[in-house]
Amino acid sequence: MGRREMNGRLSAEYQGLEVKVPNLFRCPISLDVMRSPVSLCTGVTYERASIERWLDSGNTTCPATMLPLPSTDLVPNLTLRRLIALWASTAAPSSPSSSSSSSPPAASAVGPTPAAAAAELLRRVADPGADPCPPLRKLAAFLSDDDVDEFDKNALARASGAAETVASVLLRRSADREAAEAAVRVLAAIAASDCIEEESKRRVAAALVADAASAAAALARVLRSGTSLEARVDAARLVESLLHNAAASAVPGARAAVAESEELVGELIRLVGPADDDKKKKSGGGGLTLDRQAVAAGLSCLAAIAATRRGARAEMVRLGAVPAAVRVLEADDAGSTRQALRVLEAAVGCAEGRAAVCESAGTAVPAVVSKMMKGGMGGVEAAVSVLWAVCHRYRDRRAVEAAAACEGGLTKLLLLMQSGCSAATRQMASELLKIFRVNGKSCVAGYDSKTSHIMPF
């Protein structure tokens with residue numbers, strides 16, 4: 001049983017979203033509202049996933065009656081399923097007497113369904129004469145609470161006009177920082193949640209894509225002046241959703257309006273780099289580490305922007321994407337290594353990016369070599385691509401000297417060529433072998449593999 005049921009009611013922050021759930025609609029095993037009710041031969045109905053787990057565990061009795069089961073066939077209870085769907089789409093307010101009672105109300109009789117509560121909150125959000133922040137905070141708190149049932153969250157997210165109404169607050173030119181930030185939290189809770197239905201996520205993206213330029217400007221403002229790091233991370237997640245959906249949108253120029261927003265790209269780079277005190281944390285060794293969620297969100301957006309067009313890459317480089325990605329590699333954050341290498345791979349695809357890498361070759365090249373084997377196969381291939389571009393194809397002296405001085409580089413390339421990388425990556429690695437110093441120190445001591453390797457030349 002979830003925390004909200006054990007406590008008897010939800011927190012006051014979103015108490016209006018509590019659900020009056022008929023006991024008949026709850027699975028006897030999980031006590032959650034059933035989504036796919038099925039009946040056993042004993043006549044008792046369960047949620048399909050719950051009863052299947054019970055039977056798969058080797059049980060041969062009915063969980064509710066403990067009677068032996070002559071048959072384990074599951075029959076869909078379509079009538080009950082229709083009743084649950086009807087209940088979810090209509091209001092079922094609690095009686096006035098229950099709300100006026102001095103004793104704490106039970107969780108099964110404390111308020112309307114999420115659909116009814118959401119409709120009221122959305123009406124308050126859309127009211128031009130009312131402050132949208134309080135209802136938006138309620139919606140965000142409800143959608144973000146892990147103890148709230150997924151059924152209830154989806155009922156709220158799919159409420160008619162929910163995404164469009166909240167997005168309209170974000171897109172208002174007159175919206176203050178607090179209102180825009182509250183709208184971002186709600187939209188991100190829908191767009192980035194694994195439990196929300198895809199149709200609700202598409203509605204959020206469509207509402208933002210409809211005016212992509214205004215959406216990019218609004219999200220840049222939240223990234224710049226958000227009162228918390230969480231709000232800025234949520235804004236970055238919405239940017240990524242906007243970029244992906246703008247590509248398939250029929251709105252002309254929507255993706256370009258986002259990718260070419262100098263203000264937005266600059267704020268994403270600031271989110272990745274350690275320039276802000278609220279993103280710096282002392283590590284156990286006394287050094288600085290980056291907030292992982294902020295780095296991951298920012299790098300994902302930058303990688304998506306870099307994939308749009310060549311001009312976007314050059315602008316991204318001009319605003320500082322290369323040193324930001326290098327700092328991530330130096331921070332030893334394994335979770336963001338692959339994304340940082342992808343950003344560098346995109347950067348060296350333009351002359352400005354190659355120049356930026358070569359200008360800081362003393363730090364950039366060793367950082368790439370050190371993380372060559374730590375970003376999965378995608379990160380490995382991106383690292384080789386970066387080194388090959390600056391060291392072999394364009395043969396920048398600074399990059400070549402920095403690569404040759406890296407201990408363990410030769411061993412890593414040899415290991416890579418023995419792995420299941422692509423043919424193109426294997427060819428680039430073979431061409432890079434000539435650059436690294438061939439000596440016993442770089443071959444064995446530089447990479448602690450406990451393995452002897454045969455030199456290729």
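**A helical protein, from one aspartate outward**

Aspartate 396 is buried, with a relative accessible area of 16%; buried stands for under 20% relative accessible area, exposed for over 50%, and partly exposed for the range in between (1.4 Å probe, protein chains only). This is a predicted model, in which local features need pLDDT of at least 70 and side-chain atom pairs count only at pLDDT 80 or more, while totals for chains, interfaces and linings use all residues. Numbering runs from 1 along each chain as its sequence is written, and side-chain values use heavy atoms, with hydrogens and water left out.

Aspartate 396 forms a salt bridge with arginine 398, at 3.1 Å from N to O; the term covers a side-chain nitrogen of Lys or Arg within 4 Å of a carboxyl oxygen of Asp or Glu. The arginine of this pair, arginine 398, is partly exposed at 38%. Elsewhere, Arg185, Asp234 and Arg237 are joined into one network by salt bridges that share partners. The residue before the aspartate, arginine 395, sits in the loop between helix H21 (376–393) and helix H22 (397–404). Helices (H or I, at least four residues) and strands (E, at least two) are DSSP runs, numbered from the N terminus. Arginine 395 is exposed, with a relative accessible area of 57%, and has a positive phi, near 50 degrees, although it is not glycine. Most residues other than glycine have a negative phi. Methionine 66 is another residue with a positive phi, near 60 degrees. Methionine 66 lies in the loop between helix H2 (48–56) and strand S3 (75–76) and is partly exposed at 48% relative accessibility.

The whole chain can now be put around these details. The protein has 25 helices and five strands. It has 457 residues, of which 49% count as buried. Its accessible surface is about 21000 Å², with 51% belonging to carbon and sulfur atoms; the areas come from the Shrake-Rupley method with a 1.4 Å probe, and for residues only the protein chains shown count as cover. Among contacts (heavy atoms within 4.5 Å) with a separation of 6 or more, 66% are between residues 24 or more positions apart.

Two helices show how residues are covered. Helix H15 (residues 292–306) has 15 residues and reaches 21 Å from its first C-alpha to its last, close to the 21 Å expected, the expected span being 1.5 Å times one less than the number of residues. Of its 15 residues 12 are buried, so H15 is largely enclosed by the rest of the structure. Among the buried ones are Leu299, Ser300, Cys301 and Leu302. At the start of H15, a side-chain oxygen of aspartate 291 comes to within 3.2 Å of the backbone nitrogen of glutamine 293. This is a polar contact: a pair of N or O atoms within 3.5 Å, where within protein one must be able to donate a hydrogen and the other to accept it, and residues adjacent in sequence count only if both atoms are side-chain atoms.

Serine 300, also in helix H15, is buried at 14% relative accessibility. Its side chain reaches the backbone oxygen of alanine 296 at 2.9 Å. Leaving out residues up to four places away in sequence, serine 300 touches Glu240 and Gln339.

Helix H10 (residues 198–209) has 12 residues, and its end C-alpha atoms are 16 Å apart, in agreement with the 16 Å it should span. Its buried residues include Lys201, Arg203 and Leu208. The cover over the buried residues of H10 includes helix H7 (150–157), helix H8 (162–171), helix H9 (177–191), helix H11 (212–225), helix H12 (229–247) and helix H13 (254–259).

The structure has 15 salt bridges. One of them joins glutamate 197 and arginine 158, at 2.6 Å from N to O. Glutamate 197 lies in the loop between H9 and H10 and arginine 158 in the loop between H7 and H8, so the pair ties together parts that are 39 residues apart in sequence. Glutamate 197 is partly exposed at 36%, and arginine 158 is partly exposed at 36%. Another salt bridge joins arginine 123 and glutamate 120, at 2.8 Å from N to O. Both of these residues lie in helix H5 (residues 114–126), three residues apart, about one turn of the helix.

Cysteines remain. The structure holds zero disulfides, a disulfide being a pair of cysteine sulfur atoms within 2.5 Å. For cysteine 358, the closest cysteine sulfur is 7.6 Å away, in cysteine 391, which is too far for a bond. Cysteine 358 is buried at 5%, and cysteine 301 is buried at 0% relative accessibility.
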